[in-house]
Amino acid sequence: MPQTIADAIAQVRARIGSACREAGRPAGAVMLLAVSKTQPAAAVAAAADAGQRAFGENYVQEMVDKAHALAGRGLEWHFIGPLQSNKTRPVAETADWVHSVERLKIAGRLSAQRPAGRPPLNVLVQVNVSGEASKSGCAPDTALELARAVARLPGLRLRGLMCIPEPSDDAAVLAARFGTLTRLQAALQAEGYAVDTLSMGMSADLEAAVAAGSTMVRVGTAVFGARTYPQTEAPQEGSTP
Ligand SMILES: *Cc1c(COP(=O)(O)O)cnc(C)c1O
């Protein structure tokens with residue numbers, strides 16, 4: 001285990017760098033999103049001191065609290081968890097990105113609730129690439145239709161797609177799951193959409209994701225260490241702890 005958060009970030013950046021080299025992709029093609037869910041604001045501050053700017057959160061109130069505690073440090077907040085329609089307003093007001101758009105109703109609320117003074121909210125359509133094994137994300141065969149509708153909403157900027165495949169030790173299975181997202185991105189680009197982001201890859205599978213074309217890996221455990229959930233805030237069903 002690395003000694004400090006700064007060491008851990010350096011190690012994850014090195015993993016991303018060698019994955020890019022292996023895949024023949026330029027260094028810097030893949031951004032690191034540090035997933036700070038359940039971690040205290042002090043841990044986020046330590047990561048920020050080590051040069052990390054973008055942080056991912058799964059729970060609305062937790063993101064809002066940390067964004068306020070660390071305001072003025074130039075951090076970027078990405079909401080990556082399941083989003084219910086009664087919780088969209090604080091997300092629209094606080095987040096810079098939302099990775100987990102899986103229904104048009106949620107997208108419409110985020111668009112309408114985005115404060116007028118802020119740039120459009122960057123959004124990704126979450127796709128369920130693992131079939132019945134997973135509950136989060138829209139079905140691959142409805143993703144293009146949802147993405148087109150999201151792209152028309154004035155408060156949002158469609159940036160691409162996100163997935164959380166079921167864990168697998170089989171490299172071919174992982175490659176196929178990530179490949180689904182890569183193909184959908186290519187289809188949107190062929191229609192003229194400027195979708196530059198594929199959010200895929202976590203601590204355990206970031207190499208496979210980078211090989212398949214990921215542009216943003218969401219890494220929690222490898223940056224901050226193992227998570228322990230407080231008794232009162234168990235992960236919701238369908239979320240990835
Ligand atoms: C928790 C979480 C991650 C980070 O997972 P690790 O395995 O800790 O890297 C990434 N994406 C989502 C959507 C998550 O919920």
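This is a short talk on a ligand site, one helix, the cysteines and a single glutamine in one protein structure.

Hi everyone, thanks for coming. One thing up front: what you see on the screen is a predicted model.

Let's start with the ligand. How many residues surround the ligand? There are 14, and the closest of them are Lys37, Asn58, Ser203, Gly220 and Thr221. Three of those names come with polar contacts that you may want to look at in your viewer. Lys37 places a polar side-chain atom 2.7 Å from a ligand oxygen. Asn58 also uses a polar side-chain atom, and there the distance to an oxygen of the ligand is 2.8 Å. With Gly220, it is a backbone N or O atom that sits 2.8 Å from a ligand oxygen. As for cover, the ligand taken alone exposes 390 Å², and the protein buries 95% of that. If you like to think in residue classes, the shell around the ligand is made up of six nonpolar, five polar and three charged residues.

Next, helix α3, which runs over residues 60-69. Which of its residues are buried? They are Val60, Glu62, Met63, Val64, Lys66 and Ala67. So you can spot a glutamate and a lysine on that list, Glu62 and Lys66. The cover over these buried residues of α3 includes two helices, α2 (41-49) and α4 (88-94), along with the strands β2 (54-57) and β3 (76-79).

Now the cysteines, for anyone setting up a topology. The structure holds zero disulfides. Take Cys20: the nearest cysteine sulfur belongs to Cys163, and that is 17 Å away. Cys20 is also buried, because its relative accessibility is 1%, and the limit for that word is under 20%. And why is Cys163 not bonded to Cys138? The sulfur of Cys138 is the closest cysteine sulfur to that of Cys163, but the two are 11 Å apart, and a disulfide needs them within 2.5 Å, so this is too far for a bond. Cys163 counts as buried as well, with a relative accessible area of 0%.

Last stop, Gln185, which lies in helix α7, residues 171-190. Is Gln185 buried or exposed? Its relative accessible area is 10%, so Gln185 is buried. Leaving aside residues up to four places away in sequence, Gln185 touches Leu161, Val195, Asp196, Thr197 and Leu198.

That's my tour, and I'm happy to go back to any of these spots with you.

Note on methods. Residues numbered from 1 in each chain as written. Predicted model: local features only at pLDDT ≥ 70, side-chain atom pairs only at ≥ 80, totals over all residues. Heavy atoms only, no water. Near = heavy atom within 4 Å. Polar contact = N/O pair within 3.5 Å; in protein donor to acceptor, adjacent residues only side chain to side chain. Areas by Shrake-Rupley, 256 points an atom, 1.4 Å probe, with all protein chains shown as cover. Nonpolar A, V, L, I, M, F, W, Y, C, P; charged D, E, K, R; others polar. Buried < 20%, exposed > 50% of the residue type's maximum accessible area, 1.4 Å probe, protein only. Helix = DSSP H or I, 4+ residues; strand = E, 2+ residues; numbered from the N terminus. Contact = heavy atoms within 4.5 Å.
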